[in-house]
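Reader: I have a structure open and would like to learn how to read its sheets and empty spaces. Could you take me through them?

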Amino acid sequence: MFLAFRSPRVLLSAGVSLGALLQVPGAAAQEPAYSSATVFENTQSAGATPLTTLAGQAVVFRDQATREAAPIVNDGGSTIFLDASSAGIDSGSITANGGGTVYFGGQATAADARIVANDGGTIRFEGDSTAGRAFVTNNDLLAFHERSRLGAATITNNGAGTLTLSGQASGGNAGIANNGALILTGDADAAASRIVNNGTGSIDFSDRSTAGSSAITNNGTLGFAGDSTLGDATLTVNATGVTSFTDRASAGTASITNDHLLRFDGDSTAANAAIVGNASSTIIFASRSSAADAEIDNAGLLTFGDEATAGTARIGLRPDAVAVFSGRSSGGNAEIQIDDGAALDISGVAEGGLGLGAIRGAGSVYLGGKLLELTTNEAFIDFDGRISDGGASGGTGGGLVKAGTGILTLSGTSDYTGRSIVRGGTLKAGGEGAFAGRSAFDVEAGGTLALSGFAQTIGSLEGAGLVDLEGGTLTVGANDRSTLFGGRIEGDGSLVKIGAGTLELAGENDYRGDTLVSAGTLSGSSRSIKGSIANAGTVVLTEDSAATLTGTIGGLGGEAGEMVKRGAGQLTLAGRSDLDWTIEAGGVTSASDRFFGDLRIDAGANFTFDQTYDGVYAGALSGPGVLLFAGGGIVRLSGDNSSFAGVTTVDGVLSVNGTLGGSVTVASGGILKGNGTIGTTRLDAGATIAPGNSIGAIAVDGDLTYAAGSTYAVEIGAGGEADRIDVRGTATLGGAGVDIVALDPTVSYRDGQTYTILTASDVVGRFGALSIDSAFLRSTLLYASDRVLLGLRTGEGAASFASAATTRNGRETAGALDGLDQAAGSASLSLYNALLFSNASEARRAFDELSGEIHASVKTDLVEEAGFLRRAALDRLASTFESDETRGAWIAGYRSSGRNAAGSGVASFDRDLGGVLIGGDGFVGDDLRLGFLGGYSRGSVDLDGRDASAEIDGLHAGLYAGLDLGRIQLKAGAGYSWNEVDTTRSVVFGGFSDRLEAGYDSGAAQVFGEASYAIDLAPGIRLDPFAQLAYVHLDTEGFGETGGAAALRGQSQTEGETISTLGLRAAGEIDIGGLTLTAHGLAGWRHAFGDPTPTTDLAFATSDTFSIEGAPLTKDAALLELGLGFAVTSASKLGVTYSGQFGSDASENRVDLQFGLSF
C-alpha cells in the first residue's frame, strides 16, 4: 500500500457536477471528483485497516486491487473501484454518509462486501461493474448505470432510498427488498432478480426497461410505463399491492398472481402473460389497453372499460368471479371459461354489443340490451350456463351471435329476449330449453341451428341457413313476430308454430316429423311443410306447380284451424284432412274418404274430388269457384250447399242428396245421380244423368239441357215408381238417349207398366234412342208438354227366353224359364225378372248356370268309377292263374284323376278318385277259383265354367270267379256300388245370385266277364289275348235342391251302359341282382255301345220338366297298363301298377298299390 496525492481526474462530461449526478437518477456516468486519494493498484490489498474519507478525499482501487476487509467510512469523500478491482469480503463495511460516495466503474465488483448508503450518501455502479454478492443497504441513492449489474447482491432499499437501474443495467439474480423507490429506465433489465416491494415501496419501469425473468412480490406500488415490460417475470401482487401498466407497457410472458389491484391503461398490453386473480383480486383494462394473448384465471373482478380489448386472451372465471365489459371495450377473439357461480356482464358496453371468440362453462352471462358475438372457428365449444338480459347496467333485449365455423353447444337455460343470429358454424342445443324462448332467431346462409334431439322453443325464425331437428321438436313464435325463413329444416323431429305472428317457410325442407300450429299463421308449401299437420291456427299452402301433400291434416288440442291454398298450382291431398279450407287460387285435389272439412272456393280456383271408389262428402260448400268430380267413384254430397255459387263439373260420378247451388256441367264420361236439388244443368255428349241412388228424383232449380249423345239412365221400381227429373225451368231433350238400366225384381211386367221419368215447366224436343239392356222387353216413350213417360211390357211383341238360346241344354232350360210364374209376389218372379233384364249373351250364360248340368255329368263319373271294382277283380284272377297260389287274401289302394271333355253346349269336368279294395279267393277243385271283394272310395267332380261341383262317397261289394282250362281262361263277376252324391252350385248373373245344394243316392250294379288265351313265348314270359264285356246299370233317386228361386227338382232315373274291351296282357320275370321281379303289362281298346251321353230330368219350382245332358262317356279309348311285383316272403307279394285310359272325349291316369298274402 502506498499513499499518493495528485490532482483529481474528471470522469463526468464537461459542465456536469457530482451534485447534479446525485440529484438525477440515471444521469450519465461520472467518476467522483477528489483532491487527494489513497490508491491501491495492481494486486494490492487494503487489508483490514479502517479508512475514512472526507470531502475532496478518496480511496481508489485500480487494476486488480482489493479492499480485502478494510472498513471504509466516507464522510463527504469517496471510495472508488476501477478496472477489475474488488470490494473484498463481507468483513468490515463500506459506508457512504452525507455527501459520501461509493463508486464502481470499469469491471470492478462489490464482491462480498457490505455497503451502506446513509442519508445523503450515494452508491453508483457504472461501466461493466457488478454488485457481485455484496450486501447493500440503501437509505438515499443506489444507482446502476450503463452495463452494470446487480449480480447476486442482496439489496435493501429503505424508505428514503432510491434504487435506480438505467442504461443497460441488469438486476442479475440479486435479492432486493424495497421500501423506497425502485426505478428502471432506459434498457434496464431486472433480469433474474428477486424483488420484494413492501408496503411503502414503489417500483417504476419506464422507457424500454424490463422485469426480465425476475420474481417480484408487490405489497406497494408497481408501475410499468413507456415501452417497458414485465418480461418473463413472476409477479405476486399481495393484498396491499397495486400494479399498473400505462403507455405501451407490456406484461410480456410473465406469470402474475393478483390479490389486490392489477390495472392496464393507455396502450398497455397483457401480452402473453399468465395472470391469476384470486378472490380479492381486481383486474382492470382501461383506455386502449389489451389482454392480448394472455391467460387470465380470475376468481375476483375483471373489467374492460373505455376502449380496452380482451384481444385473444384465454380468460377463466372461477366461482363468484365477475368479468365486466363497459364503454367501447371489445372482447376481441378472447375465449372465456365461466364456471358455475361466475358471471360475464356486457350490459354496460356502448354501441351495440361485444364480440368474443368463445364462452365455456356453466356460469351466467348478462347481456343487458347488448349483442354478444362469438367468432371462434374452434371445432367444438360447450356452454352449460345461462344467458340473460340484465346485468349491472340493466337493460333488456340482449342477443347472441354465433359466428365462426365451429359448433357452439348451449346446454343451460337461457332467457334473453333479443336476437339470436347464427352467422356461421353450428349453434347446437345440449339440453331441453337451451335456446332462449323469446329470442328472434336468424339462421343466416352457412349457419346451422341444431336441436340434437331436445325440444326447443324460440321467439321467431328467419334467415337462409339450416335447422337440423335431430330428433327434437322446434317450437317457433313465442315473440309474436312475423318472419320468413328461406333456409332448410331437416332431420327427425316436428315443427310447432305458436304465437300470433306469421312464420313463412320458403325453403325446401325435409324434416321427418309432424307440423303443429297452435296459434298464428304458418305459410309455406308442400316442399316446406312436412308430415302430418295439426292446426289450431292458420296454415297457408302456396303452390305454383303441381304438388302432393302426403300427411294428415287435423285440429290441435280440440281447436280446428283453417287451411288456405294459394298459388296457381294444383295441390293433391294424399292424406286425410278434417279442417275447413279456403282455396284462393289454383286448385286442390282430394277424395271424399280423405276430405271432411268445409270448403270455400274463390273465383278462378278449383277443388277436385278424384276417386275410383264410392264415398260421401258432408261438408259445406261456398264460393264462386269450380268444383270438379273425377275418377269414376261415386261422391255423394249431402247437406245444404246452396251457398255455393260456382260451376260444378262432373267428369266422374256425383250424387247430390241435398242442395247444390251454382250450375252443373256433366262432361263426357261423367254421371250425375242423387235425390237432391241442383242448379241449371247441362249434359255434354257422352254424359249421363241417373236420378236417385237407386230409385229417386233430382230437382233442377233452373233449366236442364241435354246435348246429343248424352244419356238419361232410368231405374224402374215397384208400384209405378221410376227415376224422375223435376225441372223447374225448361227441359231441352236434344235427342239424348234414354237407357233403362235396372228393374225391380218384385214387379211383374206381364200386363205392362207406365212410368213418369221427367217433368218440366216446358219440354222442348225429343229423346233419341230408347235403350234397354234386355232381349225380352218391349219399351216405348210417351211425350206431353210438361212430362215424359216410359212404357214397358212382356209378352206381345217381346222375345221369349228360348229365342236367345243356342244349345240344346240352353233351349231346354230357357223353355222351362219361359214358363215361370210372373205373378207379383211369386217365388220365381225375382229369377224371371233378372233374366228379363238381360241381353242375349248374359241370358245364355245364365241358362248354363241355371241348367243343373252337374247332375247329368255325375252319372258319367259313376259309370267310370264302377270300372275300378271290375278291373280289380279281373286283374286279381289273372295274377293268381300265373302263380301256384291256392288261396289268398289281398288289398289294393288306388288313386286316379281324369278329365271328360266338353260336348256341344256341355261343360267338361275334372274328376278325382281315391279308394281301397279288400278281397279273398281260392280254388274250389283243380280249375275253378272263387273270390269276393269290398271297399270304400271318395271322389269329386268339378265342372268348368259352371261353378258347380260334387262330392261322391261309395261303398263297393262284389263276387268273382275264374276257370282255368289250360291255355284258355274264363273269368266273370258281379258287383254293386252304393254312392252318396252331394252337389253344390252357384248361380250369379245380373243382379241375381243363388247358392244351391243337393244330396241323393245312386246305385251302380254291374256284371262282367272275360275270356283269354295263354301263349308261352319263353320260360317265364307269357302273352294273354283277351276279350271283356261289362254292363253297368245306374239307379239314381229323385232329389230337391235347397236354395232360392233357381233351385231344381230332379226325378229318379235309371239307365245302363254296355262296355267292351279287347286287348293283350303280357307277363314275365326279371332277375336283377338275385331279386326276381314280376313284370306285367296290358294294351287294349275299350268301346262303349249306344249313346254315351247321360241325361237327367229337372224342373224349377213353377216350371215344366226339362231334360239336361251331361259330359259323355268316351266312346272309344285306348288302355295302357304297366306294373311290377316281387315276393316279399314266400307267402306274400307286393306290386305297383300304372294304368292309363286315353280317348277323344276323356282321359284318365291311375296308380294302384297291391299286397297279396297266400296261405
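Reader: Which residue stands opposite G1050 in β100?

Author: Happy to start there! Strands of a sheet pair through backbone hydrogen bonds, either parallel or antiparallel. Here G1050 faces L1098 in β100. Strand β97 (residues 1049-1050) and strand β100 (residues 1095-1099) run antiparallel and are joined by two bridges. Two strands count as paired if DSSP finds at least two bridges between them. The names come from DSSP runs numbered from the N terminus: helices are H or I of at least four residues, strands are E of at least two.

Reader: What should I know about the model before I go on?

Author: This is a predicted model, where local features need pLDDT of at least 70, side-chain atom pairs count only at pLDDT 80 or more, and totals for chains, interfaces and linings use all residues. Residues are numbered from 1 along each chain as its sequence is written, and side-chain values use heavy atoms, leaving out hydrogens and water.

Reader: What is the order of the strands in the open sheet?

Author: The four strands follow the order β96-β97-β100-β101, with antiparallel pairing. β96 (1039-1040) and β101 (1106-1109) stand at the edges with a single partner strand each, so one side of each has no neighbour in the sheet.

Reader: Which strands does helix α5 lie across?

Author: Helix α5 (residues 854-881) lies across β96, β100 and β101, and runs at about 155 degrees to β100. Such angles run from 0 to 180 degrees between N-to-C directions, with axes fitted to C-alpha atoms, for helices over the stretch in contact; contact means heavy atoms within 4.5 Å.

Reader: How many cavities of 30 Å³ or more are found in the whole structure?

Author: Rolling a probe the size of a water molecule over the atoms shows where empty space is left. On a 1 Å grid over the protein atoms alone, a cavity is a set of points where a 1.4 Å probe fits but cannot get out, and lining residues have an atom within 4 Å of a point. Grid points are joined across faces, edges and corners, and a volume is the space filled by probe spheres set on the points. The search finds five such cavities of 30 Å³ or more, and the largest has a volume of about 280 Å³. Its lining has 20 residues, with R871, Q1028, T1061, L1082 and L1119 nearest the centre.

Reader: Which element gives the most to the lining of the second largest cavity?

Author: That is α5, with four residues. The second largest cavity holds about 50 Å³ of space, and its lining includes D861, F868 and R911.

How values were computed:
On a 1 Å grid over the protein atoms alone, a cavity is a set of points where a 1.4 Å probe fits but cannot get out, and a pocket is an open set with protein on both sides within 12 Å along at least five of seven lines; lining residues have an atom within 4 Å of a point.
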